[in-house]
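Reader: I'm new to this one and would like to talk through its charged side chains. Could you show me the structure before we begin?

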Amino acid sequence: MKRIMILPAAALTICLALPQFSQAMTVKNEVTAFQEKEVKYTEITADQLPEEVSKAIAKDFVGFKTEKAFKGDDGTFKVKVIKGDEKSVLFYSANGDLIKSEKAKSEKQNPE
């Protein structure tokens with residue numbers, strides 16, 4: 001009688017343990033990392049900006065004057081504009097779409 005009870009108990013134990021092992025083996029962790037390429041800018045004159053970028057600055061930043069302009073190695077443009085004490089750094093695509101706008105840091109606060 002003992003043999004009859006041990007065999008089903010062993011079979012039950014094995015059956016309950018196998019699904020746990022198979023589930024543990026199918027779990028996968030996937031990590032995707034994105035690294036942003038650092039853009040290198042070369043200074044250009046304001047006359048060298050594409051017409052679309054110049055028009056966008058004139059339309060969206062009325063009264064601002066272009067202080068410096070840069071062309072990125074990815075085809076984007078970085079433009080420093082000024083109006084009184086207010087300074088901004090603008091990033092444009094080649095077709096005049098504003099990518100982002102930042103307030104320029106004061107040179108007195110951050111001497112480099």
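Author: Before we start, one cut-off will help: a residue is called buried under 20% relative accessible area, exposed over 50%, and partly exposed in between. Please also keep in mind that this is a predicted model.

Reader: Okay, so how many salt bridges are there in the whole structure?

Author: A search of the whole structure gives three salt bridges.

Reader: Which residue does E102 pair with, and why does E102 count as partly exposed?

Author: The side chain of E102 meets that of K100 in a salt bridge, with 3.2 Å from N to O. E102 counts as partly exposed because its relative accessibility is 34%, and K100, at 42%, counts as partly exposed too.

Reader: Switching to the helix, what joins K55 and E51 there?

Author: Their side chains form a salt bridge, at 3.0 Å from N to O. Both residues belong to helix α2, which covers residues 51-60, and they sit four residues apart, about one turn of the helix.

Reader: And are K55 and E51 buried or exposed?

Author: K55 is exposed, and E51 is exposed as well.

Reader: What about E86, which residue does its side chain meet?

Author: The side chain of E86 meets the side chain of K103 in a salt bridge, at 3.1 Å from N to O. This pair links distant parts of the chain, since E86 is in strand β4 (residues 86-92) and K103 is in strand β5 (residues 98-103), 17 residues apart.

Reader: Why does K103 count as exposed?

Author: K103 counts as exposed because its relative accessibility is 60%, whereas E86, at 35%, counts as partly exposed.

How values were computed: Residues are numbered from 1 along each chain as its sequence is written. This is a predicted model: local features need pLDDT of at least 70, side-chain atom pairs count only at pLDDT 80 or more; totals for chains, interfaces and linings use all residues. Side-chain values use heavy atoms; hydrogens and water are left out. A salt bridge is a side-chain nitrogen of Lys or Arg within 4 Å of a carboxyl oxygen of Asp or Glu. Helices (H or I, at least four residues) and strands (E, at least two) are DSSP runs, numbered from the N terminus. Buried means under 20% relative accessible area, exposed over 50%, partly exposed in between (1.4 Å probe, protein chains only).
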